[in-house]
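I keep these notes for a reader who is opening this structure for the first time, and I set them down in the order in which I looked things up.

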Amino acid sequence: MQDKDLVHLLEQESFLNYCFGRNDSDVRYWNKWVAEHPDKEIQIETMKRTVIMMAKASRETLRDKHFEELQQKMSGATVIPITKKRASWKPIWMAAAVVLMIAGTALIYRRPVKPETSHIIAQKTDVKPGRNKAILILGNGQKISLSDSGNGRIAVQSGAQITKTALGQIVYQGSNEPANSASAPEYNTIEAPAGGQWQIVLPDQSKVWLNARSSLTYPTCFVGNERKVQLKGEAYFEITHNGKMPFKVSSKSQVVEVLGTHFNIMAYDDEQIMKTTLLQGSVRISDGGRSRVLVPGEQAQISAAGMKVTRETDLEDVIAWKNGYFKFNESLESTMRKIARWYDVEITYAGNIDPSLRFGGKISRYKNLSSALKIMELTGNIHFKVKGRRVTVMQ
Amino acid sequence: MFSYEKSGIALKIQWNTFIAEGDQDDFYVLYSHYHDYLIYLGNLKGATLDKSKDCVNDLFLYVFENRARLQHIRHHHNYLVTSFIRNLFRKPHFCAEESMELLELPEMPAYPSAEAEHIKRTSQEELTQILQAHINNLSDTQIKIVYQKFYLALNYEQIAELNSISVKTAYNTIYNSVEKLRKQISPEYVTALSAAISIFTLLFFIFF
């Protein structure tokens with residue numbers, strides 16, 4: 001590419017918008033241009049990558065340079081202590097300790113240093129958060145580790161082709177009608193272990209997000225007059241509409257029947273209540289003899305005591321896990337069970353825990369264990385000790 | 001999908017930890033996030049990059065020194081943004097007032113797309129290091145202008161005015177900076193890149 005052309009490219013806002021994906025029309029325009037000038041593709045792509053990396057590099061350089069200037073000012077700063085008029089819920093000793101600590105660190109300040117205020121033993125190998133990890137079990141018992149598989153086709157079953165995408169999904173493609181409709185379809189199971197999660201696109205294009213310690217059993221193609229799957233644990237579903245073939249999810253004694261909709265089912269063995277929350281569409285939930293149709297925003301809670309339907313005040317909370325964070329609004333034990341599943345750790349309780357203790361808040365699922373526990377400790381009601389994969393909870 | 005404002009508000013945990021304990025990591029996370037947004041706002045209001053930078057640093061210095069007084073702040077995002085703007089053209093005497101209503105503030109348009117994010121994440125270590133090393137060979141002015149053009153997404157007229165240069169000079173600065181760095185990319189990378197492109201663009205178009 002001529003230098004002259006290059007200059008003109010950089011002078012055009014639309015080209016830069018394309019590089020950074022700032023608006024759809026410029027992106028479409030330039031994609032089309034590249035398609036029409038395939039000989040220029042490499043130069044354009046190189047330019048685009050250079051420009052993106054330059055944006056990142058310039059930002060980091062400037063930010064760090066400016067932060068260093070700030071640090072120099074801070075090392076000469078005095079921290080103003082709390083005056084007599086303080087918020088009554090903060091005890092004096094805590095404020096003084098905090099002020100002393102800040103004054104101390106300000107004097108020796110060089111780089112951001114993590115203060116040792118936590119009981120959590122800082123380990124060389126901090127427990128990492130969960131990640132995309134699951135096993136696919138085929139009808140013949142063959143197990144395929146999805147996280148270890150490369151992208152692309154990983155198996156063929158009853159005319160359906162199973163592909164793993166770059167985004168970490170499992171996609172079933174091929175006919176929704178089997179070549180030989182007389183034979184029963186094969187069943188596959190996807191199992192996400194503790195510390196794992198996975199997304200799957202079923203043969204009917206429905207999407208399912210599996211949370212940690214959960215498994216979904218489903219046929220490789222949907223036949224007959226219903227689409228039936230089995231769930232253990234927790235998953236979020238976005239089911240494609242098919243009036244002729246309602247979608248049914250069974251978990252233990254409960255069956256959720258769907259026409260086309262978005263909902264979350266939480267049915268872990270170690271939870272006493274199975275919760276099904278409807279976000280969009282319509283489902284019928286049955287358990288034993290009882291049955292109920294839900295409208296969006298409702299949550300059905302099924303336990304030994306029966307079925308209860310509530311209006312879920314915050315739907316975002318229910319699918320927070322799928323969006324990458326924990327949303328807590330529950331007892332300590334329930335909170336720790338969620339932590340145990342995602343980090344694949346064992347929880348033990350030292351001494352008596354106040355059963356009325358409730359936790360509320362939001363923590364990213366992608367933090368290391370110690371960071372997450374440290375945030376919980378900030379409430380002041382709880383302390384943790386971590387050794388290897390065992391977490392001890394103390395009050 | 002991603003909003004600068006929303007993500008700033010999501011830093012509530014870091015703000016609270018910092019105010020309560022003075023955690024330096026959280027302080028850096030807050031600075032790292034607001035640095036860009038506040039400089040962008042400052043630039044929009046006509047303040048030079050240096051002036052905006054001074055204002056950002058003064059704001060964070062104030063927060064650092066006075067965090068004991070800031071415990072009552074419920075909406076850190078409002079507080080930081082409105083304090084910054086109020087003090088941009090005045091002597092910086094920050095006060096620990098309760099936050100005002102959040103003004104209709106513009107969103108930074110520079111937020112990278114999913115693809116750009118992917119490229120940033122997967123770009124070979126080599127290339128990243130080369131660029132990082134050579135970015136430092138650019139002059140201070142060049143780095144500032146590159147940041148304003150590529151990261152903050154200001155247009156050439158805005159950059160010309162803020163830096164007191166002509167539009168032509170702005171074009172030339174960008175061109176020279178990019179050229180300097182583009183030449184550093186070795187031919188081998190370009191070959192590997194062409195192979196990677198076909199697979200990547202194919203997948204990108206199927207799945208996005």
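**Entry 1: the two chains.** I began with chain B of this predicted model, and I looked up how its contacts are spread along the sequence: of the contacts between residues at least 6 apart, 63% join residues at least 24 apart. I then listed the elements of chain B and found 11 helices and 0 strands, so that entry in my notebook is simply a run of α-α-α-α-α-α-α-α-α-α-α from the N terminus on. Chain B has 208 residues, of which 34% count as buried.

I turned to chain A for the matching values, and there I noted 8 helices and 24 strands. Its 395 residues include 33% that are buried, and among the contacts of chain A with a separation of 6 or more, residues 24 or more positions apart account for 49%.

**Entry 2: helix H4 of chain B.** I wanted to know whether the length of helix H4 of chain B, residues 49–65, agrees or disagrees with the expected span. At 1.5 Å a residue its 17 residues should span 24 Å, and I found the end C-alpha atoms 24 Å apart, which agrees.

I next asked which residues of H4(B) are buried. The list that I wrote down is B:Leu49, B:Ser52, B:Lys53, B:Cys55, B:Val56, B:Asn57, B:Leu59, B:Phe60, B:Tyr62, B:Val63 and B:Phe64. When I looked for what covers these buried residues, I found that the cover includes helix H4 (41–75) of chain A, together with helix H3 (24–44), helix H5 (76–87), H8 and helix H9 (156–162) of chain B.

**Entry 3: two packed helices of chain B.** Helix H8 appeared in that cover, and I looked up how it packs elsewhere. Helix H8 (residues 140–151) and helix H10 (residues 167–182) of chain B pack at an angle of about 100°, and their axes are 10 Å apart. That angle makes H8(B) roughly perpendicular to H10(B). On the side of H8(B) the contact is made by B:Gln142, B:Ile145, B:Val146 and B:Lys149, while H10(B) brings B:Ala170, B:Thr173, B:Ile174 and B:Ser177. Sorted by class, the contact of H8(B) with H10(B) has 4 nonpolar, 3 polar and 1 charged residues.

Just past this helix I stopped at B:Ala153, which is found in the loop between H8 and H9 of chain B. B:Ala153 has a positive phi of about 60° although it is not a glycine. I also checked its surroundings, and with 19 C-beta neighbours inside 10 Å B:Ala153 counts as partly exposed, since a residue is buried at 20 or more.

**Entry 4: strand S12 of chain A and its partners.** Back in chain A, I asked which side chains of S12(A) point to one face and which to the other. A:Phe247, A:Val249 and A:Ser251 point to one face and are buried, whereas A:Lys248 and A:Ser250 point to the other and are not.

I then looked up the partners of this strand. Strand S11 (residues 227–239) of chain A pairs with S12(A) in the parallel sense over 4 bridges, and A:Lys228 stands opposite A:Lys248. S12(A) pairs with S13(A) in the antiparallel sense over 5 bridges, where A:Val255 in S13(A) is the bridge partner of A:Ser250. S12(A) and S13(A) form a hairpin with 2 residues between them, and A:Lys252 in the turn has a positive phi of about 50°, although A:Lys252 is not a glycine. With 13 C-beta neighbours inside 10 Å, A:Lys252 counts as partly exposed.

**Entry 5: A:Arg284.** A:Val255 led me on to A:Arg284, because I wished to compare distance in sequence with distance in space: they are 29 residues apart in sequence and 8.2 Å apart, C-alpha to C-alpha. A:Arg284 lies in strand S16 (residues 283–287) of chain A, and with 16 C-beta neighbours inside 10 Å it counts as partly exposed. Leaving aside residues up to four places away in sequence, I found that A:Arg284 touches A:Glu257, A:Ser291 and A:Val293.

**Entry 6: a sheet in chain A.** My last search concerned an open sheet of 3 strands in chain A, in the order S21-S24-S23 and with mixed pairing. Strand S21 (346–349) and strand S23 (383–387) stand at the edges, each with a single partner strand, so one side of each is left without a neighbour in the sheet. The twist averages 25° from one strand to the next. S21(A) and strand S24 (residues 390–394) pair in the parallel sense over 4 bridges, and I noted A:Thr392 in S24(A) as the bridge partner of A:Thr348.

Notes:
Residues numbered from 1 in each chain as written. Chains lettered and ligands numbered in written order. Predicted model: local features only at pLDDT ≥ 70, side-chain atom pairs only at ≥ 80, totals over all residues. Buried ≥ 20, exposed ≤ 12 C-beta atoms within 10 Å, placed from the backbone. Contact = placed C-beta atoms within 7 Å. Axes fitted to C-alpha atoms, helices over the stretch in contact; angles between N-to-C directions. Parallel < 35°, antiparallel > 145°, perpendicular 65-115°, else oblique. Nonpolar A, V, L, I, M, F, W, Y, C, P; charged D, E, K, R; others polar. Pairing = 2+ DSSP bridges. Expected span 1.5 Å × (residues − 1).
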